[in-house]
Amino acid sequence: MLCCCVNSESNKKYAELDAKLERKMVESRRYYPGHRSLKSMDSIIMMFPKLKEGLRNIRNVFESYDQDGNGTIDMEELKKCLEELKLMSLSDEEVKGLYGWCDVDGSKGIQFNEFIVLLCLIYLLAKPSSESREEESRELGPKLVESIFDPIVEVFLFLDKDGKGKLNKADVIKTLNNEDYPLERSPKHVTNMRFEEMDWGRKGKVGFREFLFAFMSWVGLDDVDGYMTS
Ligand SMILES: [Ca+2]
Ligand SMILES: [Ca+2]
């Protein structure tokens, strides 16, 4: 179905998603006490091996749902995947919106790096804000998603110094340089990272989605496999 106003409509939709995510990040400060125990870049870097392991597992999920084996997940494949992972609490419309938003290269399909971001956003937005977390009935799917995405949310909250749900360039650079912990200064190759290459937008701020893409390449998704070559 062609529509002449598709651009302004999708811009509006993405602005809504962005605002939603921003609120989610502000709310999350209460449910993710772990960000307070992160002290420096070193404590973040120590999480990388475990995160890489989690990403490898997610790659297996990605591959098993890419049923036609074309290297991308389409809407139908995604729906099956979400059912299996018990992440079905968003409406079809919402999932479609997120799908388009995460397809950053506009290929109309979700590659592995986009898939991770998409899954994380669905997980976050679908997650009940507090109380009703049914611990006992959690199966492999949600556990896997949780074990990889919760620590990443905590890194974001740690970097979000003013707690407004967006990252501020000055704060991030300061943290990357470990200015408060001069003895722990990270080696240049570590701090001189793609975080600084994030699109900081008009006001020197980035939201969670952009952070996630940067964080993925930072953790070293590139050496998890060859999907990041585009
Ligand atoms: Ca496919
Ligand atoms: Ca894509």
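# Notebook: confidence, helix 4, and the pair of helices 5 and 6

I began at the end of the chain, where pLDDT stays under 50 over residues 226-230, a stretch for which the model has nine contacts beyond four places in sequence. Since this is a predicted model, I wanted to know how far I could trust each part before I read anything into it. I found a second stretch with pLDDT under 50 at residues 135-139, and there the model has two contacts beyond four places in sequence.

I then looked up the chain as a whole, and noted an average pLDDT of 80, with 80% of the residues scoring at least 70. Among the helices and strands, I found the lowest confidence in helix 9 (residues 188-191), with a mean of 51, and the highest in strand 1 (residues 167-168), at 92.

**Overall layout**

I counted eleven helices and two strands in the chain, and reading along the sequence I wrote down the order α-α-α-α-α-α-α-β-α-α-β-α-α. Of the 230 residues, 30% are buried. I also checked the contacts with a separation of 6 or more, and 72% of them join residues that are 24 or more positions apart.

**Helix 4**

Which residues of helix 4 (residues 75-84) are buried? I found L78, C81 and L82, and they lie on the same side of helix 4 because they cover an arc of only 95 degrees around its axis. On the other side of the helix I noted that E76 and E83 are exposed. When I asked what covers the buried residues of helix 4, I found that the cover includes helix 3 (48-65), helix 5 (92-102) and helix 6 (112-126). Just past this helix I came to K86, whose phi is positive, near 55 degrees.

**Helix 5 against helix 6**

I turned next to two of the helices that cover helix 4, namely helix 5 and helix 6. In helix 5 the buried residues are V95, L98, Y99 and C102, and they fall within an arc of 105 degrees seen down the axis, so they line one face of the helix.

How do helix 5 and helix 6 pack, and at what angle? Their axes are 9 Å apart and make an angle of about 145 degrees, and I recorded the crossing as right-handed. Where the two helices meet, V95, L98, Y99 and C102 come from helix 5, while E114, V117, L118, L121 and I122 come from helix 6. I sorted the residues of this contact by type and got eight nonpolar, no polar and one charged.

**The loop between them**

In the loop between helix 5 and helix 6 I looked up two residues, beginning with K108. K108 has a positive phi of about 65 degrees although it is not a glycine. Is K108 buried or exposed? It counts as exposed because it has 11 C-beta neighbours inside 10 Å, and the cut-off for exposed is 12 or fewer.

The second residue I looked up in this loop was Q111. Q111 is buried, because 21 other C-beta atoms lie within 10 Å, where 20 or more are needed. Finally, I looked at how Q111 lies relative to I73: they are 38 residues apart in sequence, yet 6.6 Å apart in space, C-alpha to C-alpha.

Technical notes. Residues are numbered from 1 along each chain as its sequence is written. Chains are lettered from A and ligands numbered from 1 in the order in which they are written. This is a predicted model: local features need pLDDT of at least 70, side-chain atom pairs count only at pLDDT 80 or more; totals for chains, interfaces and linings use all residues. Helices (H or I, at least four residues) and strands (E, at least two) are DSSP runs, numbered from the N terminus. Two residues are in contact if their C-beta atoms, placed from the backbone, lie within 7 Å. pLDDT is the predictor's confidence in each residue, from 0 to 100. The arc is that of the directions from the helix axis to the C-beta atoms. Axes are lines fitted to C-alpha atoms, for helices over the stretch in contact, and angles run from 0 to 180 degrees between N-to-C directions. A crossing is left-handed if the near helix is turned anticlockwise from the far one by less than a right angle, and right-handed if clockwise. Ala, Val, Leu, Ile, Met, Phe, Trp, Tyr, Cys and Pro count as nonpolar, Asp, Glu, Lys and Arg as charged, and the others, Gly among them, as polar.
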